[in-house]
Structures are given as C-alpha cells and as structure tokens.
There are 2 protein chains.
Amino acid sequence: MKRINIGLLGYGTVGSGVATILINNQYDISTRTGSNISIKKAFVRNLLKERPFSEQIAFTNNPDEIIEDPEIDIIVEVMGGIEPARSYIIKSLQRGKHIVTANKDLLALHGDELFQIAEQNKRELCFEASVAGGIPIIAAIKQSLTANRLFSIMGIINGTTNYILSAMTEQGRDFQDVLQEAQELGYAEADPTSDIEGIDAARKLAILSTLAFNTKVNLSDVFVEGITKITATDIQYAKELDCVIKLLAIAKNRKRGIEVRVHPALLPKNHPLATVSGVYNAIYLTGDAIGEAMFYGQGAGSLPTGSAVVSDIIQIVKNIASESKVIDSINNYRNYPIKAAYDFTTSYYIRLKVKDEPRVFATMALYFAEAGISFKSIIQKPRSNNNAEIVLVTHPCKESQLRQALDSLSSYEKLDKIYNVIRLEANCI
Amino acid sequence: MKRINIGLLGYGTVGSGVATILINNQYDISTRTGSNISIKKAFVRNLLKERPFSEQIAFTNNPDEIIEDPEIDIIVEVMGGIEPARSYIIKSLQRGKHIVTANKDLLALHGDELFQIAEQNKRELCFEASVAGGIPIIAAIKQSLTANRLFSIMGIINGTTNYILSAMTEQGRDFQDVLQEAQELGYAEADPTSDIEGIDAARKLAILSTLAFNTKVNLSDVFVEGITKITATDIQYAKELDCVIKLLAIAKNRKRGIEVRVHPALLPKNHPLATVSGVYNAIYLTGDAIGEAMFYGQGAGSLPTGSAVVSDIIQIVKNIASESKVIDSINNYRNYPIKAAYDFTTSYYIRLKVKDEPRVFATMALYFAEAGISFKSIIQKPRSNNNAEIVLVTHPCKESQLRQALDSLSSYEKLDKIYNVIRLEANCI
C-alpha cells in the first residue's frame, strides 16, 4: 500500500479536526483510497502547549521541517491569515508539494497568484474547506454541476450572523443582546466585525462566484451590507409578510453582467433557505439543466471543516495513485462585467415613521411614483403622538430609483424617520 | 483539442436531455474540460419517429453500430429496463467502452456483475443519474464525504409519492383522487405500482446504502411499505402532532447490523426534509465528521437527469485526458449483517376506533404495557355511535413488541378497527 505523508501548517480547530479524522478513520480511508495517509509533522508556534494526538504526531516550530521535507507529499495549510500562510504555500508549491487550504481570506485576496504558481509547478491547490465547512459546494460546482450554465447562487454562508438572526427570529430578541450571547457561547468572535458586517460572507461569495461563472470576481467587486441595523421590529414585520430575514450571499449571472452582493434580505418562509437555522449553512443554486438545487450542512467547526480538508487530501491521493497528468486549475475564460449596486433590481422593504395627518400618505406615495416605483404591499399601524409607523414593500426597482425616492422623502417635513431599508429576494411576498 | 465521441443507447426523456445539454452548452463544456465532446450516434428502435437534434445526431436501429464503433469512447445507456440493456453494457465494456448509465433497476439487480466486468476491463461504470436525478448524491458519498464514517441516510427519493403526499397535505385530499390527478399530469405512470408501493425508492436505497456503508445491500434486503394506506385523516392528525407524512428511504448503520427500509413516516415539521415538496428529492445524511448534511434538487426529468449523466461523462473525459491509470470501483470491504424488520426500533403512530365505554382505554393500554410499550402522546376525539377514534403515539419499541400488542388488541371485542399504523422518524413529537 502506497504511503502518503501529510504536513500540517497549523494545528488549531481545523488542524486538530483533520488529525482526528485521519487517525480515527484510518482503516476506512486507507481501504477506500488504497493508500496509507498519515500526518508526518505539524507546524505550531508553541511547542509547549498540550495538543490532541501528541503521541502520534511530531510537532515542530520550524515550518521548513515540513516544507523542505522530501518525504512529505501534501501540505495542509490551516493556520489562517495572510502572512506567513501565503509565503509558506508558495514555497511549498515550488518544492513540489500539493496544497490543501481552508484559508478563504488568503484565497479571496491572493487566489490568482497562488493558483498561477500551482499551475506553473503542476501541483494541486484544493480549497473545499474555504467555503461552507463540511458542505461540498466547491466539488459540486467544479465537478457535479459542470454540465450546467449556472444562473444564480444564493447562500447562507456565515454561521455567526445566521445564529444571531435565527435567535432574534425565534426569541424576539434584539441584535446587541443576541450578539453578546453569541460571543459568550463562542459563536461570535471578540471582534465580530468581519462576520456581522458581511465581509466573511463576501470573501466566500467571491470564491464561489468565480468558480460558478468562470469569471474573476474580487472581494472588492462584492457589494456588502451587514446585519447590525436589523431590529426585532423588522423581523416581526417580516413574519407578518410571511418572510424571514437572512444574511444572503447572492451572485447572479445577468445579461448585462455579474451581480454579487451580501446583505440582509427578506426571504419567503417557503423558500428552501428559509428553514436553515442557527449555525447551519446552505447554498441554493439555479442552472439551465439542474433547475434548482440546494446543499445544506455545518458551515464551520473542527470536524465538518476537517471533513472537507480530508476529502481534498483523498482526491489528491487518488490523483497521485492514478498518476494523473492533468492538474485541475481555475479557468476564468469568461470576462463578465461586474454590475454596480445602483444597477441592482430588487424589491425593497422600507419601514418609516410619518405624521399621521391627511395627505401625508398621498405625498409620500407621490415621491415613489415620481421615481417609477409602485407598491406590492403596505402595512400601517397607529402609533402615539400623531405618528404612524408604515412598512412599504415595493415592486422590483433599481437601487438608483430607490435612492431618488428616499432623497425626495428625506427632505419631506412630515417624515419623522426612516428606520430601515431591506431588500427582498426570491419573489418574496 | 481532444475529441471524445459519445454513443447513446436510447433517446427518450433522459437521452434527449443529455443531447440538449451537450449541444447547447458545448462551448462551456469544451472549455471547462479541454475536450470536444460530441454525440456520434444514438440507438433508437424506431427510425421514423421525429426527434430533437436530428440534424446534429445520427440515429441507428442497430446497437452494434455504436457498441462496435472503435471511434466511440463512452457509451451512455439510457434505454432503461433489464434486457437488452444489461447485454449491451456488458458487450460495450468488453469492447473497451466506458459506461454511463441512469438505470437503477438494472444496477439494483445486476450491479455486482456489471461492476465486476467493468473492473476486469479497466473501464468506468458511472451511475450518478440512477439516484435522485440532478442531485449529485453519488459523487457526494463516493468523493466529498469519503473521509466520514456515515451513520445514516434518510431520503425523499421518489418524486411521484412525494408529489402525492404533498398534494394530500396541502389540499386535504385523499390518496386515490391525487393519484389520478398525478397520472393525468404525467407525474405518475399508468401503472404506478413501483412508485406508490415504494419499490422504486427501495432500488435507489439499495444503491445508496451499498455505497455509503461499503457493504452489499440487495433490493431484497430492503423492507418496503408503500403509501396506499395513508389517508387525509392520518395527514390531519400528523399536522396536529406538528409532523408531516413522507415516504422515507432510510438506511442506518447500527451496532448490530444495517437497517434498510422504505415506508411512510411521520417527520417533525422542523426537520430539513419536511419542507421538501412536490417532485423534489432530498437526501439527508449523518456522519462522524460532517454531522448532518442535506442535498436537495429535482429528482427526475430530462435536463436534471441529463445533468447528472453529463457530469459523469465529463469525469470520464477528465480521466481520459489525464491518462488516469486507476478505475474507480465499488469497494464492499465491509460485510455487515442486514437487520430483520422485527428488530427495527421506532416509535409508532396507531389510529384506531374502539367502543367509547369505561375500562376500554385501560384494557387497551394494558395490552401495550404487556408488550413493554409506553405512550408518548395520545389524541382522542369523540365519534358517533358510542365509538371513539384514538391516535396513540408510542415511545420507541421494536416491531416485534408492536406486533405482540396489536395481536392482543385485534382479538379484543371492544376494538372496532385499526385504521393505520405508521412509523415516526427523527425523534418526531
């Protein structure tokens, strides 16, 4: 049986998950692959810290002991961050190692460079674990759905924000309150900015949409809006409209270009993504042959992410065993333009407070009419102090039209406050 | 660019879907694979019938013009049925052709033989399209989740029965009525037996569980019960219990053996499978590393099934291009026993009618107690003529225990009728 040696760069949550799987499932994995896969060495910064499987795995604080070891075939980068991860990967590729990485931050920023170096060195650079943890969405897009022209991706791909929005929805609680709880439970970082502002989801969306549409999508191409402004009141109104509010990562291949955006959105309760709760992730795709498909599972965590890393390792091991002469590279043969945000067409939910007086609604409606926007649904509830809280749901319009209407409205003296503006997706309502 | 010639055996729903995808998406597919894939010839029985793409595809009514053509690399068997499909595939493998098939009936009966012949001839035998149409569940189990020890599969893998149960649930209609409509709409066959009696789902489950557990599961190993006895009343009671009724295909890897069964079951409304409606399919899996995952999509139809066939074609084309020396074979290295139905442990929903008299409930409860069965939930509604309709939901028990209780009960003179007995899954209620 052929022996394949793995080197780990990093041994935190994901790294120890990879070790757990390779060690606990060794019999099944070796029988399924026909190869004996074992971790030869793991790079860690602090050799004194106690770690799982320290009897089976040799640790080193010198990365070159892994990168320069001619017996190591595959290097798994699970240290995260940009540097030194980037330099280690480049050096490893140049030394003829195949790479498996879970590092979405690095791929979103330096993917082009790394894939090019991998191709030049005829080595694999696999990254299933970089998006949606245990869900095999990269394999699905690159292999299983490759007969399709994909039209759209709509994903819940950030567990932290989905946990927060699910708890707000189920318990009627407010954002700050749930965020604090999520931090205490370890579902949100001490600095949660990258999650709650949608940046983490945007990085993953850049990777997914590049693959799905065979066109380069950069992180900076993605329109991003976080969930910090969503309130328990908005969620309650969404319920009345038979919707839920989710942070969606959306990529659409439209006639006039690619639309890539991450933002909270109202989604109909009967949409397959609507029931994806807590820390679960799901990606919903449409394509010309498959119609609709959805992939659901745990988007993070030691073992689910480890499962994705090991599936990449096994793929490389099979390629080594079959003496495969072709490396699976990223092929951006399309060069689609990226649509600007003002060009997006969606419906909107607008919650505002106005004076409860004659003519106010008529005037307000006129501002929208002047921008070419009509309403799909209206909820008005009386409030104290002669004010009325109104929720307007528009028919689809361009963001530029909405801006025009809101600009006119904001200078209207009878308007007290615009609380929130949230997009609607999937023919909501 | 390397040219790959495809021969089609059959050109019905799936065959024309394959042609549609290969022809319409030719540019994308050739750019993604680096190979020019085209259909050289298609075998049909009737040459006079008008068919799509008859200008691009040559038709023949002599299968040997495909099987014996040295220029054809891959043969796609989409004729269905056992013979002559089996003989054609065997002959094609012996002539050095790779095979892609959508034929679950054939694989469930003769899979062993065909995979052996494929291996002897070092040729691929791919079958993504045989289970759940466009959902890439075979690739998921064989590749993406291969680092896992899978514990269970729970699937909605028959579109006809899911359409019928969904319509019964949404519209409160009865089985016969909806079945007739499904036949008129083409969602059910003129002879619907194989679908409504669960046999189609059992064939697919035999394929899936063999792959998932690396142990041979035959069609005859699967316990099968259809949906013909489910009534609108049962569905209404299920709703009261916060459940839906689905035809589930279930495979569990238990300590004392493999449990494989297809039957209607009550499933909690908040389970990911509960919202899978109409002709959609979904497969929900649990494994030691991924935890839970679900794959959702269209389980049948020309283009979704065609998408799965073409994804297999592309995989073979990539292997040809990389001059891969290893064939992906089925490895049943486990030899688990199959559990008998009397050994299954589930909860049960039992709907019955008894005389509405003192002591009747106590006596009935005693029969269950004597079999070691206790209740989780009870619904009793008064009925006319001194009869009471009662729904009992048991705690988990063995089927042998349930049989004992029902045997005692059936000779009880105060029992009027046992309407239905339905299993519960996923900690329902």
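Two strands count as paired here if DSSP finds at least two bridges between them. Keep that in mind for the stop at the interface. The model on screen is predicted.

**Stop 1: the strand pair across the chains**

Select residues 291–298 in chain A, which form strand S12, and show S12(B) with them. The two strands pair in the antiparallel sense. Five bridges join S12 of chain A to S12(B). Now pick Tyr296(A). Which residue is its bridge partner in S12(B)? It is Met294(B).

**Stop 2: the rest of the interface**

Widen the selection to every contact between the chains. On chain B, 47 residues are in contact with 47 residues of chain A. Colour four elements of chain B: helix H2 (26–33), helix H6 (137–144), strand S12 (291–298) and helix H12 (302–321). Each of these supplies at least two residues of the side of chain B that touches chain A. Which element gives the most? H12(B) does, with 10 residues.

Next, colour that side of chain B by residue class. Expect 22 nonpolar, 18 polar and seven charged residues.

**Stop 3: the symmetry**

Superpose chain B on chain A. The operation is a rotation of 180°, with 0.0 Å of shift along its axis, and the RMSD is 0.0 Å. The two copies are thus related as by a two-fold rotation axis. Compare the interface residues on both sides. Of those in chain B, 100% are also interface residues in chain A, so the copies meet through the same surface.

**Stop 4: one chain alone**

Hide chain B. Chain A holds 14 helices and 17 strands. Turn the C-alpha trace along its principal axes: chain A spans about 85 × 45 × 35 Å. What radius of gyration does chain A have? The value is 24 Å, which agrees with the figure near 22 Å for a compact globule of 429 residues.

Colour by burial. Buried residues make up 51% of the 429 in chain A. Then draw the contacts in chain A with a separation of 6 or more. Residues 24 or more positions apart account for 76% of them.

**Stop 5: the domains**

Give each domain of chain A its own colour. Domain 1 comes in two segments, 2–133 and 302–321. Domain 2 covers 137–298. Domain 3 covers 342–424. Finish with a distance: the centres of domain 1 and domain 3 of chain A, taken over C-alpha atoms, are separated by 52 Å.

Methods: Residues are numbered from 1 along each chain as its sequence is written. Chains are lettered from A and ligands numbered from 1 in the order in which they are written. This is a predicted model: local features need pLDDT of at least 70, side-chain atom pairs count only at pLDDT 80 or more; totals for chains, interfaces and linings use all residues. Copies are superposed by least squares on the C-alpha atoms of residues with pLDDT of at least 70 in both. Two residues are in contact if their C-beta atoms, placed from the backbone, lie within 7 Å. Ala, Val, Leu, Ile, Met, Phe, Trp, Tyr, Cys and Pro count as nonpolar, Asp, Glu, Lys and Arg as charged, and the others, Gly among them, as polar. The radius of gyration is taken over C-alpha atoms; the globule rule is 2.2 Å times the number of residues to the power 0.38. A residue is buried if 20 or more other C-beta atoms lie within 10 Å of its own, exposed if 12 or fewer, and partly exposed in between; C-beta atoms are placed from the backbone. Domain bounds come from an automatic or database domain assignment.
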